[in-house]
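Subject: Handover of a structure and its findings

Dear colleague,

Please find the structure below, together with its sequence. I would be grateful if you would read the notes that follow with the model open beside them.

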Amino acid sequence: MITCVREPLEFYVNKLERNEPFSSLLYGDGEWIACLHLRTRERLSYGEVVSVRLEQEMLASLDVVNPNIIRATDLNLVEYQKYKGNDYKSVEAYGIRINHLLNSRGVPITLYDGTVWETASEQGQLSPLLKVLKTKKCLMVAHPVLGAIAHVIRPNTFIAIPPTNAYGDIDRIEAETVAAGEHEVYIVCMGLGAIPMIMRLSHYFPNATFLDLGSTFDVFVGLPTRGWRKELYLDQAKWEETVRLNTEGVY
């Protein structure tokens, strides 16, 4: 049985403020592609290779029973019957596969609204998250370009990943992260490697919080150039205002 839950950004911010450890995992298109074995050994749009090992780790992440794990996705993919977009047919076909996969696991699963981070970023509402992260001992695993926003989050440790196909270097990244010692919060922005990395790290640091934040912070550095960001970057004034709103009261 699949249960869908929609919580606002404050839900996560409050957990951080209360020092309640949790692992937030984001299952986007690429993650579901890996779980469904749709592109085995193929390279996806951002150069990420869907290896058999990646598929195995991604599927295994669905079966771990732990109340501290928050699995999130675009719930339109699960509740596709309610979706009203022009691309309904493709969402429906995808949604049927995802529902079949999850129901076949044999255990109840709760899925949260994974668009909450993107929505907050787009609407300039990230400041509550950034403010609470600044009070924590944080380690950030991310694209080297995101090192430019270290002054915003102020992580105690920054682990750079390859610009493309970070999962291919996951063993090295894991070892480097573990060697950095325990932190309160691990911010993981490494594409398809994020969920496997968090699942691995949680064994070493069971009392920490892990945030798979996908592209949440990309608006600060002009990446990636697709979707709402592509349009935003064409309007310099609007882009600067979005960044200002996201960091209001943070410095």
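**What was found**

The model is a predicted one. To begin with a single residue, Val243 belongs to helix α11, which covers residues 236-246. Apart from neighbours within four places in sequence, Val243 makes contact with Val219 and Phe220. Val243 and Glu122 are 121 residues apart along the chain, and 9.2 Å separates their C-alpha atoms.

**Strand β2**

Next, please turn to strand β2, residues 23-27. How many of its five residues are buried? Five of the five are buried, so the strand is largely enclosed by the rest of the structure. In a regular strand, side chains alternate between the two faces of the sheet. In β2, Ser23, Leu25 and Tyr27 point one way, while Ser24 and Leu26 point the other way. The residues on both sides are buried.

Two strands pair with β2. Strand β3 (residues 69-73) runs parallel to β2 and is joined to it by five bridges; here Tyr27 has Thr73 as its bridge partner. Strand β8 (residues 209-212) is also parallel to β2, with two bridges between them, and Phe210 of β8 stands opposite Ser23.

**Helix α8**

Helix α8 spans residues 170-179, and its buried residues are Ile170, Ile173, Glu174 and Thr177. Why do these buried residues line one face of the helix? Viewed down the axis of α8, they fall within an arc of 100°, so they share one face. The elements covering them include the helices α3 (52-63) and α9 (194-204), as well as the strands β5 (138-142), β6 (157-160) and β7 (185-189). After α8 comes Gly181, which has a positive phi, near 85°.

**The second largest pocket**

Finally, I draw your attention to the second largest pocket, which has a volume of about 300 Å³. Its lining consists of 21 residues, and those nearest the centre are Asn66, Pro67, Ile69, Arg71 and Thr110. Which elements each supply at least two residues of this lining? They are α1 (9-17), α3, β3 and β4 (109-113). Two of these have appeared above: α3 is among the elements that cover the buried residues of α8, and β3 pairs with β2. By type, the lining residues of the pocket divide into 14 nonpolar, four polar and three charged.

With kind regards

Conventions:
Residues numbered from 1 in each chain as written. Predicted model: local features only at pLDDT ≥ 70, side-chain atom pairs only at ≥ 80, totals over all residues. Heavy atoms only, no water. Buried < 20%, exposed > 50% of the residue type's maximum accessible area, 1.4 Å probe, protein only. Helix = DSSP H or I, 4+ residues; strand = E, 2+ residues; numbered from the N terminus. Arc of directions from axis to C-beta. Contact = heavy atoms within 4.5 Å. Pairing = 2+ DSSP bridges. 1 Å grid on protein atoms, 1.4 Å probe; cavity = no way out; pocket = protein on both sides within 12 Å on 5 of 7 lines; lining within 4 Å. Points joined across faces, edges and corners; volume = space filled by probe spheres on them. Nonpolar A, V, L, I, M, F, W, Y, C, P; charged D, E, K, R; others polar.
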